[in-house]
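Please look through the sequence and the model shown here, and keep both at hand while reading the report that follows.

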Amino acid sequence: MKQFLDNLDTCVIILDKKLNPVLCNKRLLNKLEINNEDILTLKISVDGKEDKAEINKILKNNEKIKNQKLAVRLITGKKTIELESKIVEDTFLDEDVIIIFSDNVNVINFNENIENTTIENSIKKEINETAKCIERLNKLLDNLEKDQDITKLIKVQDLKKGIEVMLGEIYKSKLIKKDFELLLGISVDLVGSMAINGQIKTSTIAWSKCLGWDEKELLNFNILDIIHEKDKDSFMNILISSDEEVKTVENKIKCKNNTYKCFRWRIKLIKERETFTFTIRDITKDVEEQEKRKQLEDAVALESIKNEFFANMSHEFKTPLNIILGTMQLLTKNYSNNNIVCNNNFDLEKYLKLIKQNSYRLLRLVNNLIDMTRIDNGYYEVRLGNHDIVKIVEDITLSVAQYIEGNGINLIFDTNYEEYIVACDPEKIERILLNLLSNSIKYTKQGGYIHVNLNIDKHNINISVKDNGEGIVEEKLPIIFNRFVQGNHILARPCEGSGIGLSLVKSLVEMHDGNIDVKSKVGLGTEFQFHIPNKKIDSDKYKSIIDASTEGNKIEKCNIEFSDIYGV
(Lines give C-alpha, C1' and ligand atoms only; values in the text may rest on other atoms or scores of the structure.)
Protein backbone atom coordinates (compact mmCIF):
# COMPACT_ATOMS: atom_id res chain seq x y z
CA MET A 1 0.00 0.00 0.00
CA LYS A 2 2.81 2.45 0.90
CA GLN A 3 4.56 1.74 -2.41
CA PHE A 4 1.30 2.31 -4.29
CA LEU A 5 0.73 5.67 -2.57
CA ASP A 6 4.35 6.73 -3.21
CA ASN A 7 3.87 6.17 -6.95
CA LEU A 8 0.87 8.54 -7.11
CA ASP A 9 1.28 12.07 -8.51
CA THR A 10 -1.36 13.20 -6.00
CA CYS A 11 -0.40 14.36 -2.48
CA VAL A 12 -1.99 12.02 0.10
CA ILE A 13 -2.09 12.12 3.92
CA ILE A 14 -3.97 9.62 6.10
CA LEU A 15 -5.28 10.59 9.57
CA ASP A 16 -6.69 8.40 12.30
CA LYS A 17 -10.04 9.16 13.95
CA LYS A 18 -8.29 11.45 16.46
CA LEU A 19 -6.93 13.49 13.53
CA ASN A 20 -3.35 12.34 14.17
CA PRO A 21 -1.21 11.78 11.02
CA VAL A 22 -0.66 8.09 10.22
CA LEU A 23 0.96 8.13 6.79
CA CYS A 24 2.11 10.58 4.09
CA ASN A 25 3.04 9.52 0.58
CA LYS A 26 6.43 10.40 -0.88
CA ARG A 27 5.18 13.31 -3.00
CA LEU A 28 3.72 15.10 0.03
CA LEU A 29 6.79 14.41 2.19
CA ASN A 30 8.97 16.03 -0.49
CA LYS A 31 6.70 19.09 -0.52
CA LEU A 32 6.96 19.35 3.28
CA GLU A 33 10.72 18.59 3.27
CA ILE A 34 10.36 16.11 6.14
CA ASN A 35 10.81 12.37 6.75
CA ASN A 36 7.95 9.96 7.47
CA GLU A 37 9.15 9.80 11.11
CA ASP A 38 8.41 13.53 11.48
CA ILE A 39 4.73 13.46 10.42
CA LEU A 40 3.54 13.28 14.05
CA THR A 41 4.81 16.86 14.49
CA LEU A 42 2.55 18.19 11.70
CA LYS A 43 -0.08 20.76 12.64
CA ILE A 44 -3.28 20.55 10.58
CA SER A 45 -6.00 23.13 9.87
CA VAL A 46 -9.16 22.66 7.79
CA ASP A 47 -10.94 25.75 6.41
CA GLY A 48 -8.94 27.90 8.84
CA LYS A 49 -9.86 25.75 11.89
CA GLU A 50 -7.00 24.28 13.93
CA ASP A 51 -8.99 22.98 16.89
CA LYS A 52 -9.68 19.26 16.46
CA ALA A 53 -13.25 19.60 17.75
CA GLU A 54 -13.96 22.29 15.13
CA ILE A 55 -12.38 20.16 12.38
CA ASN A 56 -14.55 17.20 13.40
CA LYS A 57 -17.67 19.38 13.02
CA ILE A 58 -16.62 20.19 9.45
CA LEU A 59 -15.89 16.55 8.65
CA LYS A 60 -19.28 15.42 10.00
CA ASN A 61 -20.94 17.51 7.27
CA ASN A 62 -20.88 14.63 4.75
CA GLU A 63 -22.46 16.61 1.91
CA LYS A 64 -19.73 19.23 2.11
CA ILE A 65 -17.02 16.60 2.14
CA LYS A 66 -18.57 14.80 -0.78
CA ASN A 67 -19.25 17.73 -3.09
CA GLN A 68 -16.62 20.36 -2.26
CA LYS A 69 -12.90 20.75 -1.89
CA LEU A 70 -11.68 22.00 1.48
CA ALA A 71 -8.69 24.24 2.24
CA VAL A 72 -6.33 22.03 4.26
CA ARG A 73 -3.07 23.43 5.66
CA LEU A 74 -0.14 21.31 6.85
CA ILE A 75 2.33 23.18 9.02
CA THR A 76 5.90 22.17 9.93
CA GLY A 77 8.62 24.08 11.75
CA LYS A 78 10.05 25.24 8.40
CA LYS A 79 7.09 25.78 6.07
CA THR A 80 3.36 25.73 5.56
CA ILE A 81 1.65 24.18 2.54
CA GLU A 82 -1.98 24.55 1.50
CA LEU A 83 -3.90 21.73 -0.22
CA GLU A 84 -7.13 22.26 -2.14
CA SER A 85 -8.31 18.88 -0.98
CA LYS A 86 -11.00 16.30 -1.09
CA ILE A 87 -11.53 14.36 2.13
CA VAL A 88 -13.02 10.86 2.40
CA GLU A 89 -13.57 8.47 5.26
CA ASP A 90 -12.37 4.91 4.60
CA THR A 91 -10.62 1.89 6.14
CA PHE A 92 -6.82 1.46 6.17
CA LEU A 93 -5.16 -1.63 7.74
CA ASP A 94 -8.53 -2.55 9.35
CA GLU A 95 -8.76 0.89 11.02
CA ASP A 96 -11.23 3.70 10.28
CA VAL A 97 -9.27 6.61 8.85
CA ILE A 98 -9.65 9.96 7.10
CA ILE A 99 -7.88 10.30 3.73
CA ILE A 100 -6.95 13.74 2.39
CA PHE A 101 -5.74 14.00 -1.23
CA SER A 102 -5.02 16.90 -3.54
CA ASP A 103 -3.40 17.77 -6.87
CA ASN A 104 -3.33 21.50 -6.14
CA VAL A 105 -0.56 22.31 -3.65
CA ASN A 106 0.51 25.82 -2.66
CA VAL A 107 3.76 26.14 -0.68
CA ILE A 108 3.93 29.11 1.72
CA ASN A 109 7.38 29.99 3.11
CA PHE A 110 7.65 32.22 6.19
CA ASN A 111 10.81 34.16 7.16
CA GLU A 112 10.92 35.18 10.83
CA ASN A 113 12.38 38.61 9.96
CA ILE A 114 9.25 40.70 9.52
CA GLU A 115 10.80 43.36 7.35
CA ASN A 116 11.96 40.75 4.82
CA THR A 117 8.96 38.36 4.72
CA THR A 118 7.59 37.21 1.40
CA ILE A 119 4.10 37.86 2.76
CA GLU A 120 4.83 41.51 3.54
CA ASN A 121 6.26 41.99 0.05
CA SER A 122 3.12 40.42 -1.39
CA ILE A 123 0.93 42.75 0.67
CA LYS A 124 2.90 45.76 -0.57
CA LYS A 125 2.55 44.56 -4.16
CA GLU A 126 -1.21 44.12 -3.86
CA ILE A 127 -1.59 47.52 -2.20
CA ASN A 128 0.35 49.15 -5.07
CA GLU A 129 -1.84 47.42 -7.66
CA THR A 130 -4.96 48.55 -5.82
CA ALA A 131 -3.64 52.10 -5.62
CA LYS A 132 -3.05 52.14 -9.39
CA CYS A 133 -6.62 51.00 -10.02
CA ILE A 134 -8.01 53.68 -7.73
CA GLU A 135 -5.85 56.31 -9.45
CA ARG A 136 -7.15 55.18 -12.84
CA LEU A 137 -10.76 55.39 -11.69
CA ASN A 138 -10.19 58.86 -10.21
CA LYS A 139 -8.80 60.10 -13.54
CA LEU A 140 -11.82 58.74 -15.36
CA LEU A 141 -14.19 60.45 -12.93
CA ASP A 142 -12.28 63.75 -13.17
CA ASN A 143 -12.54 63.64 -16.95
CA LEU A 144 -16.25 62.92 -16.75
CA GLU A 145 -16.81 65.93 -14.49
CA LYS A 146 -14.71 68.30 -16.64
CA ASP A 147 -16.01 67.45 -20.09
CA GLN A 148 -19.19 65.57 -20.85
CA ASP A 149 -18.04 64.91 -24.42
CA ILE A 150 -15.08 62.89 -23.21
CA THR A 151 -17.40 60.08 -22.25
CA LYS A 152 -17.51 59.15 -25.90
CA LEU A 153 -13.82 58.29 -25.68
CA ILE A 154 -14.26 56.13 -22.57
CA LYS A 155 -15.18 52.53 -23.05
CA VAL A 156 -17.62 51.19 -20.49
CA GLN A 157 -15.78 47.90 -20.44
CA ASP A 158 -12.56 49.71 -19.39
CA LEU A 159 -14.35 51.18 -16.39
CA LYS A 160 -15.86 47.82 -15.53
CA LYS A 161 -12.51 46.09 -15.93
CA GLY A 162 -10.83 48.62 -13.65
CA ILE A 163 -13.43 48.11 -10.95
CA GLU A 164 -13.10 44.32 -11.21
CA VAL A 165 -9.32 44.52 -10.98
CA MET A 166 -9.54 46.82 -7.95
CA LEU A 167 -12.00 44.53 -6.15
CA GLY A 168 -9.85 41.52 -7.02
CA GLU A 169 -6.76 43.15 -5.61
CA ILE A 170 -8.63 44.11 -2.43
CA TYR A 171 -9.85 40.53 -2.07
CA LYS A 172 -6.35 39.12 -2.57
CA SER A 173 -5.00 41.59 -0.01
CA LYS A 174 -7.53 40.31 2.52
CA LEU A 175 -6.49 36.71 1.84
CA ILE A 176 -2.80 37.58 2.26
CA LYS A 177 -3.58 39.44 5.48
CA LYS A 178 -5.46 36.39 6.74
CA ASP A 179 -2.50 34.16 5.85
CA PHE A 180 -0.15 36.57 7.58
CA GLU A 181 -2.26 36.59 10.76
CA LEU A 182 -2.41 32.78 10.69
CA LEU A 183 1.37 32.47 10.44
CA LEU A 184 1.86 34.98 13.25
CA GLY A 185 -0.57 32.97 15.34
CA ILE A 186 1.46 29.78 15.02
CA SER A 187 4.86 31.48 15.32
CA VAL A 188 6.94 30.48 18.36
CA ASP A 189 8.38 34.00 18.42
CA LEU A 190 6.71 36.94 20.15
CA VAL A 191 5.79 39.41 17.40
CA GLY A 192 4.50 42.93 17.90
CA SER A 193 4.96 46.66 17.55
CA MET A 194 5.36 49.60 19.91
CA ALA A 195 5.45 53.37 19.80
CA ILE A 196 8.79 55.18 19.85
CA ASN A 197 8.27 55.85 23.59
CA GLY A 198 8.01 52.09 24.24
CA GLN A 199 4.20 51.83 24.56
CA ILE A 200 3.08 48.40 23.27
CA LYS A 201 0.66 48.72 20.32
CA THR A 202 0.16 45.16 19.01
CA SER A 203 1.09 41.63 20.05
CA THR A 204 0.40 38.00 19.10
CA ILE A 205 -1.09 35.14 21.10
CA ALA A 206 2.44 33.77 21.75
CA TRP A 207 2.94 36.55 24.31
CA SER A 208 0.25 35.14 26.55
CA LYS A 209 1.53 31.55 26.18
CA CYS A 210 5.10 32.55 26.98
CA LEU A 211 4.78 35.37 29.54
CA GLY A 212 1.27 34.92 30.91
CA TRP A 213 0.10 38.48 30.09
CA ASP A 214 -3.05 38.67 27.95
CA GLU A 215 -3.46 41.17 25.10
CA LYS A 216 -5.42 43.73 27.16
CA GLU A 217 -2.81 43.73 29.92
CA LEU A 218 0.03 44.13 27.42
CA LEU A 219 -1.60 47.12 25.71
CA ASN A 220 -1.57 48.91 29.07
CA PHE A 221 2.20 48.38 29.41
CA ASN A 222 5.16 50.39 28.32
CA ILE A 223 7.78 47.80 27.30
CA LEU A 224 10.15 49.30 29.90
CA ASP A 225 7.67 48.27 32.61
CA ILE A 226 8.47 44.58 32.09
CA ILE A 227 12.14 44.70 31.09
CA HIS A 228 14.63 43.84 33.86
CA GLU A 229 16.16 46.84 35.63
CA LYS A 230 19.70 45.89 34.55
CA ASP A 231 18.67 45.85 30.87
CA LYS A 232 16.67 49.06 30.71
CA ASP A 233 19.56 51.41 29.86
CA SER A 234 20.70 49.38 26.84
CA PHE A 235 17.10 49.15 25.59
CA MET A 236 16.57 52.90 26.04
CA ASN A 237 19.53 53.48 23.71
CA ILE A 238 17.62 51.61 20.99
CA LEU A 239 14.41 53.58 21.58
CA ILE A 240 16.13 56.97 21.26
CA SER A 241 18.07 55.90 18.15
CA SER A 242 16.93 57.23 14.77
CA ASP A 243 18.70 54.44 12.89
CA GLU A 244 16.35 52.25 10.80
CA GLU A 245 18.71 49.26 10.66
CA VAL A 246 17.59 45.98 12.24
CA LYS A 247 19.11 45.70 15.72
CA THR A 248 19.62 42.61 17.86
CA VAL A 249 19.61 42.80 21.65
CA GLU A 250 19.26 40.29 24.50
CA ASN A 251 17.55 41.02 27.81
CA LYS A 252 15.20 39.66 30.45
CA ILE A 253 11.43 40.24 30.48
CA LYS A 254 9.15 39.90 33.49
CA CYS A 255 6.44 37.21 33.39
CA LYS A 256 3.04 37.53 35.02
CA ASN A 257 4.16 35.18 37.85
CA ASN A 258 7.02 37.64 38.68
CA THR A 259 9.76 35.43 37.22
CA TYR A 260 12.02 36.51 34.38
CA LYS A 261 12.83 34.87 31.04
CA CYS A 262 15.71 35.62 28.67
CA PHE A 263 14.90 36.83 25.15
CA ARG A 264 16.69 37.81 21.96
CA TRP A 265 15.12 40.78 20.13
CA ARG A 266 15.26 41.77 16.46
CA ILE A 267 13.87 45.27 16.30
CA LYS A 268 13.46 47.86 13.54
CA LEU A 269 12.30 51.49 13.52
CA ILE A 270 9.76 52.57 10.88
CA LYS A 271 10.18 56.35 10.89
CA GLU A 272 7.17 57.38 8.83
CA ARG A 273 4.86 55.51 11.22
CA GLU A 274 6.86 56.38 14.38
CA THR A 275 6.72 52.72 15.30
CA PHE A 276 9.09 49.92 16.20
CA THR A 277 8.30 46.43 14.86
CA PHE A 278 10.02 43.45 16.46
CA THR A 279 10.25 39.71 16.94
CA ILE A 280 11.36 38.24 20.28
CA ARG A 281 12.65 34.70 20.72
CA ASP A 282 12.72 32.89 24.08
CA ILE A 283 16.34 31.84 24.73
CA THR A 284 15.92 31.02 28.44
CA LYS A 285 16.82 27.34 27.98
CA ASP A 286 19.80 28.23 25.80
CA VAL A 287 21.09 30.65 28.44
CA GLU A 288 20.57 28.07 31.21
CA GLU A 289 22.36 25.39 29.18
CA GLN A 290 25.21 27.80 28.46
CA GLU A 291 25.50 28.64 32.16
CA LYS A 292 25.49 24.94 33.12
CA ARG A 293 28.13 24.23 30.46
CA LYS A 294 30.30 27.04 31.82
CA GLN A 295 29.91 25.77 35.39
CA LEU A 296 30.86 22.27 34.24
CA GLU A 297 33.89 23.55 32.35
CA ASP A 298 34.95 25.58 35.40
CA ALA A 299 34.49 22.54 37.65
CA VAL A 300 36.53 20.34 35.29
CA ALA A 301 39.28 22.97 35.11
CA LEU A 302 39.31 23.32 38.90
CA GLU A 303 39.41 19.55 39.34
CA SER A 304 42.33 19.35 36.90
CA ILE A 305 44.23 22.05 38.82
CA LYS A 306 43.47 20.28 42.11
CA ASN A 307 44.66 16.91 40.77
CA GLU A 308 47.84 18.48 39.44
CA PHE A 309 48.43 20.16 42.81
CA PHE A 310 47.92 16.86 44.70
CA ALA A 311 50.28 15.05 42.32
CA ASN A 312 53.00 17.68 42.65
CA MET A 313 52.69 17.96 46.44
CA SER A 314 52.61 14.19 46.87
CA HIS A 315 55.87 13.77 44.99
CA GLU A 316 57.38 16.66 46.93
CA PHE A 317 56.44 14.92 50.21
CA LYS A 318 57.77 11.57 49.12
CA THR A 319 61.37 12.71 48.58
CA PRO A 320 62.00 14.00 52.15
CA LEU A 321 60.03 11.04 53.55
CA ASN A 322 62.38 8.58 51.90
CA ILE A 323 65.33 10.46 53.42
CA ILE A 324 63.70 10.37 56.89
CA LEU A 325 62.96 6.63 56.60
CA GLY A 326 66.45 5.90 55.35
CA THR A 327 67.99 7.87 58.23
CA MET A 328 65.68 6.15 60.72
CA GLN A 329 66.69 2.69 59.46
CA LEU A 330 70.37 3.65 59.73
CA LEU A 331 69.89 4.84 63.32
CA THR A 332 67.93 1.70 64.22
CA LYS A 333 70.63 -0.58 62.81
CA ASN A 334 73.44 1.27 64.61
CA TYR A 335 71.48 1.25 67.86
CA SER A 336 70.91 -2.51 67.55
CA ASN A 337 74.65 -3.01 66.95
CA ASN A 338 75.46 -0.85 70.02
CA ASN A 339 77.15 1.75 67.85
CA ILE A 340 74.97 4.39 69.50
CA VAL A 341 75.14 4.78 73.27
CA CYS A 342 72.34 6.54 75.17
CA ASN A 343 71.69 7.51 78.72
CA ASN A 344 69.90 4.74 80.63
CA ASN A 345 66.91 7.04 81.18
CA PHE A 346 66.52 7.76 77.44
CA ASP A 347 64.55 5.18 75.43
CA LEU A 348 65.89 5.81 71.91
CA GLU A 349 64.19 2.69 70.52
CA LYS A 350 60.77 4.07 71.52
CA TYR A 351 61.37 7.33 69.66
CA LEU A 352 62.74 5.54 66.62
CA LYS A 353 59.51 3.50 66.48
CA LEU A 354 57.47 6.71 66.72
CA ILE A 355 59.46 8.23 63.84
CA LYS A 356 58.94 5.07 61.79
CA GLN A 357 55.20 4.81 62.48
CA ASN A 358 54.47 8.46 61.69
CA SER A 359 56.70 8.37 58.61
CA TYR A 360 54.70 5.38 57.40
CA ARG A 361 51.49 7.30 58.06
CA LEU A 362 52.69 10.13 55.86
CA LEU A 363 53.91 7.65 53.24
CA ARG A 364 50.50 5.92 53.21
CA LEU A 365 48.73 9.25 52.68
CA VAL A 366 51.17 10.27 49.94
CA ASN A 367 50.80 6.89 48.17
CA ASN A 368 47.01 7.17 48.30
CA LEU A 369 47.09 10.73 46.92
CA ILE A 370 49.42 9.72 44.10
CA ASP A 371 47.34 6.65 43.22
CA MET A 372 44.12 8.67 43.38
CA THR A 373 45.56 11.23 40.97
CA ARG A 374 46.82 8.52 38.61
CA ILE A 375 43.37 6.89 38.58
CA ASP A 376 41.66 10.23 37.85
CA ASN A 377 44.04 10.89 34.96
CA GLY A 378 43.78 7.35 33.57
CA TYR A 379 47.41 6.39 34.24
CA TYR A 380 46.75 3.71 36.85
CA GLU A 381 46.85 0.17 35.47
CA VAL A 382 45.59 -3.17 36.70
CA ARG A 383 47.92 -5.88 35.42
CA LEU A 384 45.88 -9.05 35.20
CA GLY A 385 47.30 -12.54 35.43
CA ASN A 386 45.91 -15.98 36.28
CA HIS A 387 46.60 -16.40 40.04
CA ASP A 388 45.46 -18.52 42.96
CA ILE A 389 42.99 -16.15 44.64
CA VAL A 390 42.67 -18.42 47.72
CA LYS A 391 46.41 -18.18 48.44
CA ILE A 392 46.49 -14.40 47.91
CA VAL A 393 43.62 -13.76 50.36
CA GLU A 394 44.84 -16.29 52.92
CA ASP A 395 48.44 -15.01 52.90
CA ILE A 396 47.53 -11.37 53.39
CA THR A 397 45.04 -12.29 56.15
CA LEU A 398 47.61 -14.32 58.05
CA SER A 399 50.23 -11.59 57.68
CA VAL A 400 47.92 -9.25 59.59
CA ALA A 401 47.65 -11.62 62.56
CA GLN A 402 50.76 -10.22 64.35
CA TYR A 403 49.10 -6.79 64.57
CA ILE A 404 46.00 -7.98 66.39
CA GLU A 405 47.27 -10.80 68.62
CA GLY A 406 48.00 -8.42 71.48
CA ASN A 407 44.64 -6.62 71.12
CA GLY A 408 42.47 -9.63 71.96
CA ILE A 409 40.77 -9.67 68.56
CA ASN A 410 40.01 -13.00 66.89
CA LEU A 411 40.90 -13.19 63.19
CA ILE A 412 39.15 -15.94 61.20
CA PHE A 413 39.68 -16.90 57.55
CA ASP A 414 37.10 -19.20 56.01
CA THR A 415 36.79 -20.78 52.54
CA ASN A 416 35.72 -24.09 51.01
CA TYR A 417 38.44 -24.03 48.36
CA GLU A 418 42.07 -25.12 48.65
CA GLU A 419 43.03 -23.49 45.36
CA TYR A 420 41.26 -21.52 42.65
CA ILE A 421 42.86 -19.80 39.66
CA VAL A 422 41.26 -16.57 38.51
CA ALA A 423 42.29 -13.45 36.55
CA CYS A 424 43.36 -10.71 38.99
CA ASP A 425 46.16 -8.35 39.99
CA PRO A 426 47.61 -9.77 43.26
CA GLU A 427 49.12 -6.46 44.34
CA LYS A 428 45.76 -4.65 43.99
CA ILE A 429 43.86 -7.45 45.77
CA GLU A 430 46.34 -7.21 48.67
CA ARG A 431 45.86 -3.44 48.73
CA ILE A 432 42.07 -3.84 48.90
CA LEU A 433 42.20 -6.42 51.71
CA LEU A 434 44.78 -4.49 53.77
CA ASN A 435 42.62 -1.38 53.64
CA LEU A 436 39.44 -3.24 54.66
CA LEU A 437 41.27 -5.13 57.44
CA SER A 438 42.83 -1.94 58.80
CA ASN A 439 39.34 -0.37 58.98
CA SER A 440 38.06 -3.37 60.92
CA ILE A 441 41.01 -3.30 63.35
CA LYS A 442 40.49 0.43 64.01
CA TYR A 443 36.90 0.04 65.17
CA THR A 444 36.85 -3.45 66.72
CA LYS A 445 37.36 -3.59 70.49
CA GLN A 446 39.17 -6.20 72.59
CA GLY A 447 37.29 -9.52 72.56
CA GLY A 448 35.78 -8.86 69.15
CA TYR A 449 36.32 -10.72 65.91
CA ILE A 450 37.20 -10.10 62.27
CA HIS A 451 35.93 -12.71 59.83
CA VAL A 452 37.40 -12.95 56.29
CA ASN A 453 35.33 -15.17 54.01
CA LEU A 454 35.95 -16.27 50.41
CA ASN A 455 33.32 -18.11 48.38
CA ILE A 456 32.96 -18.70 44.66
CA ASP A 457 29.93 -19.03 42.42
CA LYS A 458 29.46 -19.44 38.70
CA HIS A 459 29.89 -15.76 37.92
CA ASN A 460 31.88 -14.13 40.76
CA ILE A 461 34.64 -14.45 43.34
CA ASN A 462 33.01 -13.13 46.53
CA ILE A 463 35.22 -11.86 49.37
CA SER A 464 33.93 -10.29 52.58
CA VAL A 465 35.53 -8.70 55.65
CA LYS A 466 33.14 -8.68 58.60
CA ASP A 467 33.61 -7.42 62.17
CA ASN A 468 31.53 -6.78 65.29
CA GLY A 469 32.99 -3.33 65.92
CA GLU A 470 31.37 0.07 66.35
CA GLY A 471 29.58 0.11 62.98
CA ILE A 472 28.85 3.03 60.66
CA VAL A 473 25.98 5.49 61.12
CA GLU A 474 23.17 4.88 58.61
CA GLU A 475 23.33 8.28 56.90
CA LYS A 476 27.01 7.70 56.01
CA LEU A 477 26.46 4.34 54.26
CA PRO A 478 25.38 5.75 50.86
CA ILE A 479 28.48 7.99 50.72
CA ILE A 480 31.05 5.87 52.54
CA PHE A 481 32.98 5.22 49.30
CA ASN A 482 33.05 8.92 48.37
CA ARG A 483 36.41 10.61 48.55
CA PHE A 484 37.36 12.31 51.86
CA VAL A 485 34.28 10.90 53.67
CA GLN A 486 34.85 9.58 57.22
CA GLY A 487 32.67 6.74 58.52
CA ASN A 488 32.74 8.06 62.11
CA HIS A 489 32.71 11.49 63.70
CA ILE A 490 36.12 13.13 63.55
CA LEU A 491 36.16 13.76 67.32
CA ALA A 492 35.04 10.23 68.24
CA ARG A 493 37.24 8.06 66.04
CA PRO A 494 40.15 6.34 67.80
CA CYS A 495 42.52 6.41 64.82
CA GLU A 496 43.77 8.67 62.06
CA GLY A 497 42.50 8.57 58.48
CA SER A 498 42.15 10.79 55.40
CA GLY A 499 38.94 9.39 53.92
CA ILE A 500 40.76 8.35 50.74
CA GLY A 501 41.21 4.63 51.44
CA LEU A 502 37.69 3.34 50.73
CA SER A 503 37.40 5.52 47.63
CA LEU A 504 40.65 3.98 46.38
CA VAL A 505 39.39 0.48 47.26
CA LYS A 506 36.21 1.06 45.22
CA SER A 507 38.27 2.21 42.22
CA LEU A 508 40.57 -0.84 42.44
CA VAL A 509 37.59 -3.23 42.60
CA GLU A 510 35.90 -1.54 39.63
CA MET A 511 39.15 -1.74 37.64
CA HIS A 512 38.76 -5.53 38.04
CA ASP A 513 35.24 -5.14 36.53
CA GLY A 514 33.85 -5.84 39.99
CA ASN A 515 31.76 -4.05 42.59
CA ILE A 516 31.76 -3.46 46.36
CA ASP A 517 29.06 -2.77 48.93
CA VAL A 518 28.76 -2.36 52.69
CA LYS A 519 26.31 -3.40 55.39
CA SER A 520 26.54 -1.91 58.86
CA LYS A 521 24.62 -1.15 62.05
CA VAL A 522 25.89 1.04 64.86
CA GLY A 523 27.01 -1.11 67.81
CA LEU A 524 26.72 -4.40 65.88
CA GLY A 525 29.52 -4.16 63.32
CA THR A 526 30.26 -3.77 59.63
CA GLU A 527 30.63 -6.07 56.62
CA PHE A 528 32.36 -5.07 53.39
CA GLN A 529 31.76 -7.38 50.42
CA PHE A 530 33.50 -7.12 47.08
CA HIS A 531 33.04 -9.24 43.99
CA ILE A 532 35.28 -9.74 40.95
CA PRO A 533 34.41 -11.76 37.83
CA ASN A 534 35.06 -15.50 37.89
CA LYS A 535 37.13 -15.68 34.72
CA LYS A 536 40.55 -16.49 33.36
CA ILE A 537 42.51 -14.73 30.65
CA ASP A 538 44.46 -15.95 27.68
CA SER A 539 47.96 -16.37 29.05
CA ASP A 540 49.44 -15.72 25.61
CA LYS A 541 47.62 -12.42 25.29
CA TYR A 542 48.09 -11.26 28.88
CA LYS A 543 51.40 -12.12 30.45
CA SER A 544 51.47 -11.79 34.23
CA ILE A 545 54.44 -9.68 35.27
CA ILE A 546 53.58 -9.43 38.98
CA ASP A 547 54.24 -12.34 41.30
CA ALA A 548 52.64 -12.81 44.68
CA SER A 549 54.38 -10.64 47.23
CA THR A 550 57.12 -12.09 49.39
CA GLU A 551 56.60 -12.30 53.13
CA GLY A 552 58.89 -9.33 53.67
CA ASN A 553 56.94 -7.23 51.21
CA LYS A 554 53.64 -8.13 52.92
CA ILE A 555 55.03 -7.10 56.31
CA GLU A 556 56.24 -3.80 54.87
CA LYS A 557 52.81 -3.17 53.31
CA CYS A 558 51.15 -3.96 56.65
CA ASN A 559 53.50 -1.54 58.40
CA ILE A 560 52.41 1.22 56.01
CA GLU A 561 48.69 0.37 55.89
CA PHE A 562 48.32 0.02 59.69
CA SER A 563 50.52 3.01 60.55
CA ASP A 564 47.49 5.19 61.38
CA ILE A 565 46.33 2.75 64.12
CA TYR A 566 47.51 3.97 67.50
CA GLY A 567 49.60 1.55 69.51
CA VAL A 568 50.45 -0.98 66.75
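## A term to begin with

A residue is called buried when its relative accessible area is under 20%, exposed when that value is over 50%, and partly exposed when it lies in between. With a relative accessible area of 5%, Lys 428 is therefore a buried residue, and the same cut-offs of under 20% and over 50% can be kept in mind for the other residues described below.

## The chain as a whole

The structure is a predicted model, and its chain contains 15 helices together with 18 strands. Of the 568 residues in the chain, 40% are buried, while the accessible surface of the chain amounts to about 33600 Å², with 50% of that area belonging to carbon and sulfur atoms.

The contacts also say something about how the chain is arranged: if one takes the contacts between residues at least 6 apart in sequence, 61% of them join residues that are at least 24 apart.

## Salt bridges

Side chains of opposite charge can pair when their charged atoms come close. The structure holds 13 salt bridges, and two places in the chain serve here as examples.

In the first example, the side chains of Asp 395 and Lys 391 meet in a salt bridge, with 2.7 Å from N to O. Asp 395 and Lys 391 are 4 residues apart in helix H12, which covers residues 389-404, and so they are separated by about one helical turn. Asp 395 is partly exposed, with a relative accessibility of 22%, and Lys 391 also counts as partly exposed, at 44%.

The second example is a network of salt bridges that links Asp 425, Glu 427 and Lys 428. Lys 428 forms a salt bridge with Asp 425, where the closest N and O atoms are 3.0 Å apart, and another with Glu 427, where the closest N and O atoms are 3.6 Å apart. Are the members of this network buried or exposed? Lys 428 and Asp 425 are both buried, whereas Glu 427 is partly exposed because its relative accessibility is 37%.

## A negative patch on the surface

Asp 282, Asp 286, Glu 288 and Glu 289 form a negative patch on the surface. Helix H10, which runs over residues 284-336, gives the most to this patch, with 3 residues. Glu 288 has its place in helix H10, and because its relative accessible area is 43%, Glu 288 is counted as partly exposed.

## Two buried residues

Thr 76 lies in the loop between strand S4 (70-75) and strand S5 (79-92). Although it belongs to a loop, Thr 76 is buried, since its relative accessible area is 15%. When residues up to four places away in sequence are not counted, Thr 76 touches Leu 32, Ile 34 and Leu 42.

Ile 461 is found in strand S16, which spans residues 460-467, and its relative accessibility of 0% means that it counts as buried. Which residues is Ile 461 in contact with, leaving aside its neighbours within four places in sequence? Among them are Ile 389, Tyr 420, Val 422, Asn 455 and Ile 456, and the list also includes Phe 530, His 531, Ile 532, Pro 533 and Asn 534. A further relation across the sequence involves Val 390: Ile 461 and Val 390 are 71 residues apart along the chain, and their C-alpha atoms are separated by 10.0 Å.

Terms used. Residues are numbered from 1 along each chain as its sequence is written. This is a predicted model: local features need pLDDT of at least 70, side-chain atom pairs count only at pLDDT 80 or more; totals for chains, interfaces and linings use all residues. Side-chain values use heavy atoms; hydrogens and water are left out. Buried means under 20% relative accessible area, exposed over 50%, partly exposed in between (1.4 Å probe, protein chains only). Contact means heavy atoms within 4.5 Å. Accessible areas come from the Shrake-Rupley method with a 1.4 Å probe; for residues, only the protein chains shown count as cover. Patches are made of residues with over 30% relative accessible area and no salt bridge: like charges are joined within 9 Å, nonpolar side chains (Val, Leu, Ile, Met, Phe, Trp, Tyr) within 5 Å. A salt bridge is a side-chain nitrogen of Lys or Arg within 4 Å of a carboxyl oxygen of Asp or Glu. Lys and Arg count as positive and Asp and Glu as negative; His and the chain ends are not counted. The place of a charge is taken as NZ of Lys, CZ of Arg, CG of Asp or CD of Glu.
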